[in-house]
Amino acid sequence: MTVNLNIVEKCVSCLNIKESYDLARRMEQEKRQKMLAEYCKTRDVGLRNELVTEYMYLADMVARKYAGRGVEYDDLKQIAAMALIGALERFSCDKGIQFSTFAVPSMTGVVKNYFRDRSRIIRMP
């Protein structure tokens with residue numbers, strides 16, 4: 001679906017704040033979906049880096065969820081960001097699910113594994 005920006009600008013003035021926020025959010029989501037579809041076809045590293053920047057809010061969300069449990073927030077954010085890159089490389093557009101639905105459980109699992117590996121008093125061999 002393509003959106004003519006001139007029409008959007010005219011209509012935004014007649015929308016209330018919530019409707020204009022929803023419109024902007026949908027437009028951003030469509031942009032991300034197009035970028036993700038292009039990445040699935042080409043696997044371009046530059047495009048991957050742009051997608052990581054676009055979806056970094058997911059890593060922030062997962063890191064905030066586990067903050068205050070003995071590991072610094074910055075470390076958790078870095079772990080979640082690395083998991084985001086891994087999820088992006090494993091994602092397949094052919095499955096028919098949204099990327100965030102795939103990525104959040106993947107990042108959560110990596111963060112939980114980090115806690116499991118770092119929290120034992122006696123280290124397993």
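This is a selection-by-selection tour of a predicted model.

Residues are numbered from 1 along each chain as its sequence is written, and side-chain values use heavy atoms, with hydrogens and water left out. Because the model is predicted, local features need pLDDT of at least 70 and side-chain atom pairs count only at pLDDT 80 or more, while totals for chains, interfaces and linings use all residues.

**Whole chain**

Select the chain and colour by secondary structure. There are six helices and zero strands, running α-α-α-α-α-α from the N terminus. Helices (H or I, at least four residues) and strands (E, at least two) are DSSP runs, numbered from the N terminus.

Next, colour by accessibility. Of the 125 residues, 29% are buried; buried means under 20% relative accessible area, exposed over 50%, and partly exposed in between (1.4 Å probe, protein chains only). The accessible surface of the chain is about 8800 Å², with 55% of it belonging to carbon and sulfur atoms. Areas come from the Shrake-Rupley method with a 1.4 Å probe, and for residues only the protein chains shown count as cover.

A contact means heavy atoms within 4.5 Å. Among contacts between residues at least 6 apart in sequence, 54% join residues at least 24 apart.

**Helix 2 to helix 3**

Select residues 17-42 for helix 2 and residues 45-54 for helix 3. Show the side chains of Glu28, Lys31, Arg32 and Glu54, which are linked in a network of salt bridges. A salt bridge is a side-chain nitrogen of Lys or Arg within 4 Å of a carboxyl oxygen of Asp or Glu. Side chains of opposite charge can pair when their charged atoms come close. The structure holds six salt bridges.

Start with Lys31 and Glu54, which form a salt bridge at 3.4 Å, N to O. This pair links distant parts of the chain, with Lys31 in helix 2 and Glu54 in helix 3, 23 residues apart. Lys31 is partly exposed, at a relative accessible area of 36%.

Then pick Arg32, whose side chain meets that of Glu54 in a salt bridge at 3.3 Å, N to O. Here the partners are 22 residues apart, again joining helix 2 to helix 3. Arg32 is buried, with a relative accessible area of 17%. To see its surroundings, display Leu51, Glu54, Tyr55 and Tyr57, which Arg32 touches when residues up to four places away in sequence are not counted.

**Helix 3 to helix 5**

Move to Arg48 and Glu89. They form a salt bridge in which the closest N and O atoms are 2.8 Å apart. Arg48 lies in helix 3 and Glu89 in helix 5 (residues 73-90), 41 residues apart. Arg48 is buried at 17% relative accessibility, whereas Glu89 is partly exposed at 42%.

**Helix 5 to helix 6**

Keep helix 5 and add helix 6, residues 99-118. The two axes come within 8 Å and cross at roughly 135°; axes are lines fitted to C-alpha atoms, for helices over the stretch in contact, and angles run from 0 to 180 degrees between N-to-C directions. That angle makes helix 5 oblique to helix 6, because angles under 35 degrees count as roughly parallel, over 145 as roughly antiparallel, 65 to 115 as roughly perpendicular and the rest as oblique.

Finally, show side chains at this interface. The helix 5 residues include Leu76, Ile79, Ala80, Ala83 and Leu84. Among the helix 6 residues that helix 5 meets are Phe99, Phe102, Ala103, Met107 and Tyr114.
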